[in-house]
Structure formats: structure tokens, C-alpha cells
Amino acid sequence: MQYLLVALAMGALTIAPPAAAQTGPVNGVRPAEVRTHAITGATVVVQPGQTIEMATIIIRDGVIEAVGQDVEVPPGARVWPGDDLTVYPGLIDAAVMVKPDSIQRGPGAHWNSKVHPEWSAADELLPSQSVRKEMRSLGFTVAAVYPNQGVLRGSGVVIALADKDEHALAYDGQAMMAAGFDRGGGYPGSLMGAIALLRQTFYDAHWHTACRRVWQAYPQGNEPPIRADALVALEEVVNGRQAVLFEVSDEHNALRAARLAREFDLDLVLLGSGYEFRRLDDIVGLGVAIIVPLQFPDRPDVSALSSSDRVTLRELMTWEQAPTNARRLVEAGATIALTTHRLKKRSDFYPNLRQAVKHGLDEKAALAALTTVPAKLLGLDHIIGTVEAGKAANLVVVEGSLFEKKPKIRDVWINGRRHEISKEPQIKMVSAGTLETDLGITREVRIDTTKKSVTFQIDDEKIKAKKVVVQKDQISFVVDGRPFDAEGYVRLSGVLTEGAIVGTGALPDGQRFTFTISPHEDTDDEPEEIAEDETGDDSDNDAGVGDSEAGSGDDEDESEEDDEDFQMPPQELVYPLGAYGFSQPPEAQDVLIINATIWTSGPDGIIEDGELEIRGAKIVYVGPTRAHADTDDLLVIDAAGKHLTAGLVDCHSHTGISGGVNEGGQANTAEVRIGDVINPDDINFYRQLAGGLTAANQLHGSANPIGGQNSVIKLKWGGAAEDFRVTDAIAGIKFALGENVTRSRSRYPNSRMGVETFIRDGFIAARDYRAEWDRYLGMSEDVRARTMPPRRDLELDALVEILNGQRLVHCHSYRQDEILMLIRVADEFGFTIGTFQHVLEGYKVAEAIASHGAGASTFSDWWAYKIEVMDAIPYNGALMHDVGVIVSFNSDSSELARRMNTEAAKAVRYGGLDPQDALNIVTINPAKQLRIDHRTGSLEVGKDGDFVIWSESPLSTYARCEQTWIEGARYFEINRDRELGASAQAQRQRLIQRVLREAHGKPKATETDEPATPSDPTAEGASSPEPDQPDSPYSCCWRTNR
Amino acid sequence: MSGHWTWSTITVAVAILAAGRPAAAQSQQIPAPPQDHPVIIHSATIHTVSGDPIEDDGYVVFDKGVITDVGRGRPPQLAGAEVIDAHGLHIYPGFIAADTTLGLVETQSVQVTVDTTELGRVTPEVRAAVAVNPDSSLIPVARSNGILTGLVFPRGGLVAGRCSTIRLDGWTWEQMAIDAEAGLVVNWPRTEPSRGFSFRRQRSETEQRKQIAESLQEIERLFDDAVAYLQARESDPTQATDLRYEAMRSAISGEKPVFVRASSVGQIESAIAWATRRDLRIVIVGGQEADKAIPLILKHDVPVIIAGLHRLPRHRYEPYDSAFTLPAKLHTAGVRFAIASGTSPAHERNLNHNAATAVAFGLPRSEALRAVTLSAAEILGLGDTHGSIEVGKAATLIITQGDPLQITTDTLVAFIDGRQIDLGNRQKAMHQKYREKYRQLGLLDDS
């Protein structure tokens, strides 16, 4: 196994052309990356103590081809300018302990579960992408990884820390056998037990090796040795050919491990504890290599007298001395490698390394401990560890030195592949400049995107921006209003192009302005005078500009508002809370609309120059213009040139339903009720009012053949859920046929055949249930007293109501066969279907729908979104209408429900309906289908005052809804909408300012400024954080269950 | 409802339809042969789009697929010409679907009929045109509402592929393709941390910003790699071929635009800054918040394809008509834009209704018309050949009874490159078939 891996690794490193690197078929087009690179003009640390300035490194196919000052860049090489950069050999961590997903215990496993030397990291263990990424971000290119648990844990593997799994290749399978003194959870439960177990196992390994030898030599007449894979795996260890990496928790265990190794003549490497300095001479005297962690003890807590009493001097001294450990080991002549092992978090590596250097560790020795020493320990110093021709192209490219607290590692190269660690900040503007706005205000600013600072300079005063976020080319920040002569916080965001920042800002009152920041020509390298008062520590920047956020410490100056600044939130609330809410519910008015073209949707057809009068929420007159003596008690609206229609009705809506439109858990959910979950705060109700919609049929989804109960509503925006309900509408229920209900592979029904039987079965059960109740209720008193009552079943109750004609079925359907099927089922059980919904092949069986008496609630022109709608035609509605079906167009969409008038126009375009007949498709027809036509759907005396005023013919694509009234109350008016919108904006700005004040403290104001007027507390539309709409126009429309 | 037509115009229209070549072909439209004789249409109102309309007595002449004369009054006499009296009718350039997947999608929910998306995040090597199915039943449906040209987009991933301009008639995709490699398609990553309610655990703003930075960097890396590759190909004969980078060549050289799908202001700004830095020509597709990035869009003269108006506002507090008023805002500011349908290809036929909605909410009608014709052509790289009725342009035009932005207006006749197109479609055929059913049942009397 190990030899194979060596061969493989060597092959990949030296001779393999890129195309051969991947031997399997490619899933996609064949990638052909550029594998010849040149890093030019860099300072190259060839190995500890040897540096070449202004050097070029040529990398070809993963290997360093040349390093030096006079190296020529070959043609086609991708050039990486290394000016101001230093290139180190890629770092190597010789001991990364990884928790395996599981330890496989095959046949021949050791009896003790902590002994599994046969386990191989090469087969099973690859550090996760994220661990590799974390290691790379520290400059590591190679790691030896081992399982982290057990007494004899298994063999490690040396891998490249590349991002792609196929590049995270194993350099060498001959990594060490990991061991430790693990105990607990059964035998061994003690240290001595662990040592005893190790000892016994090493003896066993010797014994089993011996047995195998005999068996191989003399199989005849011998019994084969027992199967013991664990012991077989230890043969190389006890022969001294595979080193043991012994993880120890302190200096004493280091010595115990060494004693055990000596007892069995093992090749030992210690994975140390960091406490070696406490027995320095003994440990150095062992003459073994030590892999030293850089974890230092926490600072002891001595702040309280009582707790400081418990801190021992040993503890304090250990704390003080731990950073000297590596230096002491080196000085004493030990061979050490450094590791990230034991660090609480790997990002502590450089701060702690810096500590060690500060405590005397020679930088050269430190670099050796991260490159040449671990390379040699792993037996790979012929291919990794230095920047020399012929070695693997494993490099760390650093801005400055690697031995800073937070070195700026730019790239890590692994086998000639660049892994970007931190990008060169794309938006780099370190300059003074001029900010110009279209407000007429011009200011001097100083920007340093690398430090995330923006400072305004007004005379002698410097005003620092807060919350500076830099993301690629974009920058945004908040500044108090002084540079803009405003009180409050001003927010700006812009983007850097062609050397200038262009963007938009918002004043405290929400007013938008545009700005440009142009840098002064000559200030690029001007000393950063202003930076003096910064925190000075651009702290968290190891991942580059991406992690903007925490950068500026000044964001944390959360200051609670002073009491004197406290502003009581406005007392008055709007309903629903948020934008476009009403402070007062609209009230019914007595109103007269004159001079309008009235589309009555009733027997009077279209009345040119007519008028409509509403009193007590009801229509009292509709007809030609009359002579009026006195209209003082009426609100008179002159609608000259405008068109008036009945409020539009949507027979299939899912707007304003909380917590899911489908209860798809069973095939029959007749017991659930949309009426229980009306959400009156859904902003789409308001938006639909703005499109002239006044009533809707809220339906359950179509996931199951027998769905939930519907809810018929009027869009009484501002009201509570109960206010929306049309209580005298006949109850309904959703059914569904076809693809949606048969889609589930594990649930009956699975075919249109099954749908029929499922529905019939439901009605038969309902009939039986009804009969059972009838029998029970028909029993004589004393018989009934002795009989257990039937169980009341809400699901069957709903079906009984259908059988009794008390509940309308609204059935999702597409294909003609299923439409006809349900008609026949309804005929069999003696009820009339309310509507077929969608019914896109209704035109194929229109005569059957008409003679049954069902309505057809269809789409104007939808098709092709699934197989069962490939035959859908936009002429469907008109053709069904022509054959005598009552037809409506529905939306099934919160967006489309805003444009039902132009949907109706499609019945003119496709099928040539008369304009009034076409409009009826979204007014009186759906009202009839929902059995609410006695109240709404047309402009006739006695009906509810539900109407819409349009800017022109409602069938014109240019028409705009100007007013929407329900029961004599005005719910939408286009100018009022603008006021509500403006008020919402003002409230948002007020609240944003309040948030900024609480986050950043009270902004400083220019002295001349008027104090800001508190926002009008009666203003409407205070907004709360709200979920945004999905971005994609594709996300909403074609995927749900229509 | 303004265009009340007379019986006489309808007669003309019907006469024209009867003259149209395969009038009987309802379900299988037959592509028209190349124009082999001049056509003169006269006595019509000609909406040139490039200039003022020629009211009532305009004529247009075209031959060999190209418009040769446009004028007023008496048309020229040409030997062998077909002469069409279009009295009372209107002539418009054919409409352009500037953001469509027509031809790539047949039935949205059936994955095997959807050829919009290739496997992988970065697939610049694929081209839309080669997967356009000339016999798609969706194409004649779009065509019968006057949509005669389209820009077909690959979708999905970060770099989806290359989009193609096509004419909506032809025996093969090759005949349909105008430019199979019209541009590179980049789907810009999200640039703002999401917030609010989510089913998944909401990650912190810092975490999200890290990921956003990573996505943006992915694009940088890709283009850096492509540039390095292209340079290596120039000078190193052993450099192996990579189709992905080869496919980016024309966009990187600036020969072809990059169509960047970007909706939010952050995406738009970030994309423009990127393109400027790399000296790429870009077109913003989507553009939902383009009105909030106007200074930058103007500064770099970036055209915008508005992907549909019929959508809900992005935020709860936004005006209900924020999508409807977007074109008017862009127009007022002087931004170059086209209007696309923003919907599935089956509903591409409603493209014009989007333009009309913009008119209802403040855009001058002439601009709305331009947004689905000439402006679209210019942005798609077809400005010299399509989008208006001018001498030298392709004879790709329609005859209508009235304003084609009105839903109620039918398209009577269409020419693509001077070839009269069969405006029948599967839906019209099914309609006639079932009218016959009800005639047989005695329920309809309209024979």
C-alpha cells in the first residue's frame, strides 16, 4: 500500500502532464488550466537563512522549474507580479489530528476497541474542505493527518492541502503510526492500563509476526495463525520501520512514551504538550524529534482575592514561561517542528507564534520548524520544504513577513496551483478627495478603503463615518449630518469606477441625492494623518476585504439614548401595522358618481354618461344622468371621461393565507379551513385593491384530491380577518384532479383512475356516515340512550355538506376526461359542482359542464407549464361562454390579481367576446360562481356599493384603477395612495434615524440647524422589518400547484 | 377600446389572410421560402419607430428580405410585385423578445423538455441557438402576437453560456439564428446579505458578506484565468485547449457584450464597476432596481433590459406600482432600455402588454413601442438590421388592425425577412376543432 502511494505521488509530481492528472471521464468540458506560471520580482526565501531578492520562480506542471534572479519567463506563462511580496516555502504541519467519522472494525480487529492500528488515514481520512481551507489561510500547504482517538490509532497520511479533493493527494503513505494514552469508557480506564495494553499489544505483534513467518514457510502440517489484522499492521512498527507519533499531554507522559518506545525499540516522534520546558533536559536528552504545539495556558484569573488564592505559583510560572518553550527546546538542541495541533482555534497560530518569537524563538528556526524539519520528519525532504528547482511548487506568498501577528498572506501555492487567501483589495482608494453632491454641497473627504475609514474635513473639524462597509467595488457608510447641514444620520453608498466613487445618499428625512467622490491627483501617498486617531489595529482583516463588518471599532459605541433625548413612540398606530395601513378604517359614505361610462355587468349593459348613487353602503341608483336638486348630503365625484365598473372578483386566490396553502399530509383533508388562517395584513390585498379587486375566493392548494375548506372574502384592508369574511357566502371546498394529486409516488391515488375511486369512496363513506347519524338520531330515546353515538368526523361532515348541497366543490382540473369524471361522480351522488378551477380543457367538454350547471373559473391564456396544460388555449373562456357555461377568469397569483381587468380583455382578443361580456368574466360571473351575486359583481340597485373608477376603458391595457370602493367605503384612491406612500417613507426614515441613534449615539449637528421636527405622530404607515419579495420573476409563478 | 375598425378594413384583412400562403396549416406551420418577388404594402399607417408615423397613406416596399422604400402617397410601380392594399391598417416593425427562452423550453415542469441550463456553475461554452427547437409549439403562439425576433438565454449557474439572437421562423436552428453567439451570460451573485425570515438558520451578516465576497471573487478568478489562458494560447503552442475560456474570448475582447442578469441596485452597481474595471461591454438584464443606480448607469451608458413589469414590488413598503413606473423613470433619466416579458416562453406573447403597462404608468407610448422594437434591437446588437421600418433593414414587420400594445388587437399579417409567415398555431387549430364539435351538437351557429 505505502509503496504504491509513493509511486503515485511521485508520478503526479514529476512527469504527469496535466491532461493525465484526471483519468476518469470529465463531467463537462475538459478543463485545460494554465500550468506554467512565473512569480516575478519577489523576495524568495529559498530555505531558512537563504534569501534571493528580486527573484523569479518558474512553476511548470506543479513543480518548481527554476528560481533565481536571471530566470527568463517562458512563453505562455501566467505572470504573477511579486513586487513587494515575499515567497516562503509552503508550511508543513506534521501532526494534524482529525476525528474520523467512524472507525471501521473489520474481521481481525483487535479485541480492544481503542486498538486499531490497521486503520489507515490514507483510506478513510481526508480533512474536510473547511479544515483544509483554514490550514491554507495560515500558509500551510501540506499536512500529515492522523486519527485523533485510540491507544493505537492507525497510520497517518501526508496530504496536500489543496481545495479540490482530487488535488489533495497523498504524498506518502509512510506517515507515522499514531498512538496515545487514551483511556476511559471501558478498558483501559487508567494510565497504567493504557501502558499495559500497549505493552501487551506490542508483544502480541511480535508474536503474530513470528507465527506468520512460520506459516508462510511451512504451511503443510500447520494450523494457520489466527486472523489479527491489527497485529499485522503493527509489524512495521515493532520492526522500527514505521515511526510512532505519540501524543502526550504533559512532559511526564512524554518521558513514559519514550520509555515504552525504548523497551520495544520503536522509532518515536513525540507530539508534545507545550510543557516540555518543565523537564527540558530530560526530554531533549531523549534525542527524539518533537512536534511542538503553540497553545499557551489561559491567563489565570487573579482579579478576585478569593480566586487568586487558588492559583498556584506553578500555574503562574507555567503561564509566564510557556511562550519560551520552543525557544528553550531549540537552544537546547532539540529537533522541533511546530504544529497547529492543540490550538483552541487555528487562527491563534500567528499571534502565538509571534509570542514565541517575542520570547526569543529565532525566526529562522521557526521557519525551519514549519518547513524543512517536518519535511525531513515525514521523509519527504527530497520533494517538499524548500523553494528549489525540482521541488513541489508549494509556496506561501506574503505581503511583508510571515512572522507578524497577522501576516498578510496573499496566496498559497500547492503543487503549482494557486489558492487565493486574501485578495488584493479591489476597491483601493487611499486618498483625499472632493465629494460633490447634487444638493449643491461640496466637501473634502479622506478615504482609506483598506482601513475602512471615511473622514469628512470641515474647516478644522474631522467627522468620521461609521459602519463603513467595503465589498469589492462597493462602499457604504453612515455619517452624522454635519457635512450635509442636516440633523440625523446620512447614509451613503457608492461604487468605485474609473478612479471615482459614484453613488446615492439618503438624508435623514429620506431625501435621496447623488454624489461623486473624486480623489485629488497627488495625494496617494500622503501620510495618513487622520489615521492617528483610529484604533490603529485593522484587526480582523486576515480574510481580506470580504469580512467588512467588524472592522471599525467605533461601531460598538452603543450608547443608550439619554433620557432627555428619549422620544415616546407615536401613540397612534395604523392597521395593518406597516406601510399603507389606515389610522381609521374606511367608513361607508353616501356617494354619487356622475358623468361616468358605467359598465353595469347587469341587464343595463354599458351606460354612457351615467351615474351611480350609493346610500347606506348599497346601490340606490344606477342609470342615465338625472337632474339633481340637492346633493349636499352626498359626496359627489365627477367621473367625466372615466369608466365605472363593479368591483372585480377573483374566484381563485391564495393571497392572505397564513402558515401554508396546502395541508398535503393526507389525500383527504376536508376538515381544514382556510377561514381559520386568513391573514388580513398581507400587503398584496392592498395592491390588489389598487387593481380594482374587491372580493376573492381564498382556496386551499391542490396537493390532494379532497383539500380544505375555502373562504370567500372582501378585501376590507385595515380590518381584522373576521371583517374580511363574506359570511353569507355559501361554504366551499377545494378538490383537485390530475398531475398534482397523482404526483406523490407513495400515496393513493397515483393515477386518474385512482382519483375517481378515491373521491367516490369518500362520498360513499360520507353517505354511510350520514346514514349512521340518521339512524342514531332516528332512534327512540331509550334505544339511543343505550347506544354508543357515532364518532363525529369533521372530514366526513364536510363531505356530507356537499351531498346535502350546503357546500360547493371548487375543483382544480385540467383535462377533459377528469372534468367529465367528476361531473359523473357528482351526478351519481346528486350534487352540483360549484366551479371547475383552471379547467383548461373545459372547451372540449363545455356542453357537459353547461348541462351539469357548474361554473368554469379558468386562466385567460396560461399554458405549457406542464403536460396536462399543453392543450390549453386562450379561446377556452370564450368558447365555453359561447356554449353556455358561466365563465370567470381567475388569478391564482397575488400579482395577477392586480390586473384582472386586462385579463378580461383577452376574451375579446381570443374568441371575440362582446366587451361587457368580457368584463363580466371578472365581475358578475365569478360572483355567481361563488353565490355572492346577490350582493356584488354588478352595479344594480340593492347590491353592495362595490365599484371601481378607471382612467379609461377597463379593457384597455393603458387603463389605471383610480378608486376602489367596497360597500360604500373608499379603500383605494390613487392620490391617497401617494400620501400613504410618502407617509410610509417618512416613518421609515424616522425609524431608521432612531436605529442609527441607538447604534451610534446621538449624531452631532451643525449649530445653525433648526432642531428636527419630530415626525407627525398621526402619520400612517410605520413600517416594521418585513420579508422581501423574491427577486426572480420566475420564482413565484410556474412552480406551485396550479 | 379606441381602435374601432370598420367592415371594410376587416374585409381587407381577411383577404390578406386568404392570400397568405399556407392558410390551412393550423397545427404545423410551414416555414416560408425566401422572398422571391417584391412586396408593396400601401395605404397604411406606418409606425416606423425610427421616425414619426406616416399616417393613413404610407407605403413600404421590400425585396429579397430587405426594405427598399418607405414613403407616403402613391407607391412605386414594380414589375412582378405583390401589391397589398392595407387601407385602414397599421404597419409596425416586428416585436423583439429581448429576454426569452423560446425554443429551449417546451413544457416547463417536464425537465427533459427544458434545455436552458447546463450542469455546472460555469458553462460559457454552451450556446443557446443550437438547442432551439424550430418545431416548438410555443414559437407560433408568440409569433401570432407579432413577436418575430428574440434573444434566447441560457440560464442557471454563474456563467450560463452564450445567448443567441434568432428570427422566429425557419426550418432549422441555423436558419433561425441571427447571431448564435450574441453575448456571454453572467448571472450576477447576490450582493446584499439577506435578512428577515427564513426557514433556514439565518447566518450572520458578517458570514454572509464573506460568502458574497467569495462569489464575487469567483467571477474575478474566472476572468483572470480566462485572460491568462488566452494569453498562454497566443504564445505557448503546447497550451491545451479549454472550451470554456475560448467561449469567453469575444466578450473579453469587447467584440460581444456580456449580458449580466442583475436585479438589485447592489448587483447592478457591482456588475457595472466590474465591467468598467475589466473594460467589458455589459447589458443589465433584469434591472428591477435600475432606477436606484441611475447615475452610474448613465455615467457608463449601460443599457438595461427590464425583465418584465408584471411583478410584485420587492419590498412591502414600496408603492404597488413600483415595477410599473420603472420604465418611465429610466426614460426620464435618459437611460437606454428595452422591455422584456419577464415570463416563461409560453407567455412571451404578452410582451407587449408589459410595454402597455408602462404607458399606463407614465411612459410615453412611442417610447414603450420603441422599448419592444428599436431599443431592443440596438441593445441586442441588431440596431442596424431590426427594430424599425427603414430602408436597408430587414423586412421583419407586422400588419395590425390597431394598436398592438392593446391586448384586444390582433396581428393580421407578419413578414420575417420579407417572407410572409404563417400566423396559425396549435391553439387556433384546437379552437377551430372544438368549435366544430359544438356546431355538430347544434350549440354554435357560426359556420
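I began by fixing a term: two strands pair if DSSP finds at least two bridges between them. The model I am reading is predicted.

**Sheet.** I looked up the open sheet of three strands in chain A, whose order is β33-β34-β36 and whose pairing is mixed. Its edge strands are β33 (648-653) and β36 (711-714) of chain A, each of which pairs on one side only. Ignoring direction, I find neighbouring strands of this sheet turned by 15° against each other on average. I then followed β34 (residues 693-698) of chain A, which runs antiparallel to β36(A) and is joined to it by four bridges; for A:Ala695, the bridge partner in β36(A) is A:Lys714.

**Loop after β34.** I next located A:His700 in the loop between β34 and β35 (706-709) of chain A. A:His700 counts as buried because it has 31 C-beta neighbours inside 10 Å, where the cut-off is 20 or more. Leaving out residues up to four places away in sequence, I noted that A:His700 touches several residues, among them A:Val661, A:Asn662, A:Gly707 and A:Lys734. I also checked A:Arg909, which lies 209 residues from A:His700 in sequence and 31 Å from it in space, C-alpha to C-alpha.

**Helix α4.** Turning to helix α4 (residues 129-137) of chain A, I found A:Arg132, A:Met135 and A:Arg136 buried. Seen down the axis of α4(A), these buried residues fall within an arc of 100°, so they line one face of the helix. They pack against β6 (91-98), β7 (140-147), β17 (408-414) and β18 (417-420) of chain A. Just after α4(A), I noted that A:Gly139 takes a positive phi of about 100°.

Note on methods. Residues are numbered from 1 along each chain as its sequence is written. Chains are lettered from A and ligands numbered from 1 in the order in which they are written. This is a predicted model: local features need pLDDT of at least 70, side-chain atom pairs count only at pLDDT 80 or more; totals for chains, interfaces and linings use all residues. Helices (H or I, at least four residues) and strands (E, at least two) are DSSP runs, numbered from the N terminus. Axes are lines fitted to C-alpha atoms, for helices over the stretch in contact, and angles run from 0 to 180 degrees between N-to-C directions. A residue is buried if 20 or more other C-beta atoms lie within 10 Å of its own, exposed if 12 or fewer, and partly exposed in between; C-beta atoms are placed from the backbone. The arc is that of the directions from the helix axis to the C-beta atoms. Two residues are in contact if their C-beta atoms, placed from the backbone, lie within 7 Å.
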